[in-house]
Amino acid sequence: MSWTLDEHPTALQYFASLVQSDSDFALMEAAISIGQDAEPDLDLQAVMADIDRLQVRLAQRLAGETDPLQCLGALTKFFYGELGFAGNLNNYYDPGNSYIHQVLRTRRGIPISVALLWLELARGLELPADGISFPGHFMVKVLLPQGQVVMDPLTGESLSANGLAERLQPFLDQAGVTPEEAAPLGLYLQAAKPRDIMERMLRNLQEIHLAQRDWPMLVAVLNRLLILRPEVRENYRDRGLAYAEWGVTERALADLEHYLQDLQGSEAAYIEKTITRLRKAL
């Protein structure tokens, strides 16, 4: 376990400074900083410098080319061919797949982490590229003079409207949405906001750490979620329950008592019972 109860306050404070403003949201640096939960001494600026060096290498291959289609082709060849970025299919639920510095080193990740690196290089070429919070699989898109191109960030494959509809259908079926009720496909292809992208990255890690019962790392992720989304009260519940599992009873009580305020119904009864049990354990 690399993370302890006495979390480095400067790491969280720095993260807060990166995500405090939607108009000046430092997405890449904030994404890199998540890796400090696993490696507290991680040098964020060194990781940023590694990305800058990739941008320089790519620019050298283009030799001044500015045509968007040619730039996209060069980026695809460089990113997937020369650098070899792809999905970590052998260990998809490794937390390291969400740490940008590890993805840079191994060239393996999950869609959202690989997409962030691809987007950084695309924007270095001044390509109008965005991430898409598509259900189940984060995507990227580029607006070219010839039209919009939607791509799988793990492979660089361009996806047709029919292909995207096929990928979407299982999620509509699971939600019980009929074809008549379904929203137009275009609504699922809207550009994701930086804060939403960061939340999706952290939620992925939240699910992984919960499944692995890694309570210290789960608390670390929830600390960041509470900074990112302070209005989401359920984050206090989740952190309180994680603290309880970890055995940090006083902090668990503080979070759960805060969450219980104005809560009603069966969940309120459950939280009250949990609080009573924790108080007896003190």
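**Notebook: helix packing and a few single residues**

I began with helix H10, where Asn235, Asp238, Arg239, Gly240, Ala242 and Tyr243 are buried. The model is a predicted one. I next looked up what these buried residues of H10 pack against, and found helix H8 (194-211), H9 and helix H11 (249-260).

I checked the length of H10. Its 13 residues should span 18 Å at 1.5 Å a residue, and the end C-alpha atoms are 18 Å apart, which agrees. After H10 comes glycine 247, with a positive phi near 95°.

**Entry: H10 and H9**

I noted how a helix pair is recorded: two packed helices are described by the angle between their axes and the distance between the axes. For helix H9 (residues 215-228) and helix H10 (residues 234-246) the angle is about 160° and the axes are 9 Å apart. Angles over 145 degrees count as roughly antiparallel, so I put H9 and H10 down as roughly antiparallel to each other. H9 passes H10 in a left-handed crossing.

I listed the residues in contact. H9 gives Trp215, Pro216, Leu218, Val219, Leu222, Asn223, Leu225 and Leu226, while H10 gives Asn235, Tyr236, Asp238, Arg239, Ala242, Tyr243, Glu245 and Trp246. Sorted by class, the residues of this contact of H9 with H10 are eleven nonpolar, two polar and three charged.

**Entry: H9 and H8**

I turned to the pair H8 and H9. Their axes cross at roughly 160° and come within 9 Å. That makes H8 roughly antiparallel to H9. The crossing of H8 and H9 is left-handed.

On the H8 side the contact is made by Arg195, Met198, Glu199, Leu202, Arg203, Leu205, Gln206, His209 and Leu210, and on the H9 side by Trp215, Met217, Leu218, Val221, Leu222, Arg224, Leu225 and Leu228. I sorted the contact of H8 with H9 as eleven nonpolar, two polar and four charged residues.

I picked out one residue of H8, glutamate 199. Is glutamate 199 buried or exposed? Glutamate 199 has a relative accessible area of 18%, and buried means under 20%, so I entered glutamate 199 as buried. Leaving out residues up to four places away in sequence, glutamate 199 touches Leu225, Leu228 and Arg229.

**Entry: leucine 241**

I went back to H10 for leucine 241, which lies in that helix. Its relative accessibility is 24%, so leucine 241 counts as partly exposed. Which residues does leucine 241 touch, not counting those up to four places away in sequence? I found Leu256, Tyr270 and Thr274. I also looked up the separation of leucine 241 from arginine 251: ten residues in sequence and 9.7 Å in space, C-alpha to C-alpha.

**Entry: H11**

I then read along H11, whose buried residues are Thr249, Ala252, Leu253, Asp255, Leu256 and Tyr259. These pack against H10 and helix H12 (266-281). I repeated the length check: at 1.5 Å a residue, the twelve residues of H11 should span 16 Å, and the end C-alpha atoms are 16 Å apart, which agrees. H11 is followed by aspartate 262, which has a positive phi near 65°.

**Entry: H3 and H4**

I looked at one more pair. Helix H3 (residues 44-62) and helix H4 (residues 68-82) pack at about 130°, and their axes are 10 Å apart. H3 and H4 are therefore oblique to each other. Their crossing is right-handed.

From H3 the contact has Leu54, Arg57, Leu58, Arg61 and Leu62, and from H4 it has Gln70, Cys71, Ala74, Leu75, Phe78 and Glu82. I counted the classes in the contact of H3 with H4 as seven nonpolar, one polar and three charged.

**Entry: positive phi in loops**

Most residues other than glycine have a negative phi. I looked up two residues with a positive value. Arginine 107, which is not a glycine, has a positive phi near 65°. Arginine 107 sits in the loop between helix H5 (100-106) and strand S2 (108-109).

Glutamate 126 is not a glycine either, and its phi is positive at about 60°. Where is glutamate 126? I found glutamate 126 in the loop between helix H6 (111-124) and strand S3 (129-132). At 71% relative accessibility, I entered glutamate 126 as exposed.

How values were computed: Residues are numbered from 1 along each chain as its sequence is written. This is a predicted model: local features need pLDDT of at least 70, side-chain atom pairs count only at pLDDT 80 or more; totals for chains, interfaces and linings use all residues. Side-chain values use heavy atoms; hydrogens and water are left out. Axes are lines fitted to C-alpha atoms, for helices over the stretch in contact, and angles run from 0 to 180 degrees between N-to-C directions. Helices (H or I, at least four residues) and strands (E, at least two) are DSSP runs, numbered from the N terminus. Angles under 35 degrees count as roughly parallel, over 145 as roughly antiparallel, 65 to 115 as roughly perpendicular and the rest as oblique. A crossing is left-handed if the near helix is turned anticlockwise from the far one by less than a right angle, and right-handed if clockwise. Contact means heavy atoms within 4.5 Å. Ala, Val, Leu, Ile, Met, Phe, Trp, Tyr, Cys and Pro count as nonpolar, Asp, Glu, Lys and Arg as charged, and the others, Gly among them, as polar. The expected span of a helix is 1.5 Å times one less than its number of residues. Buried means under 20% relative accessible area, exposed over 50%, partly exposed in between (1.4 Å probe, protein chains only).
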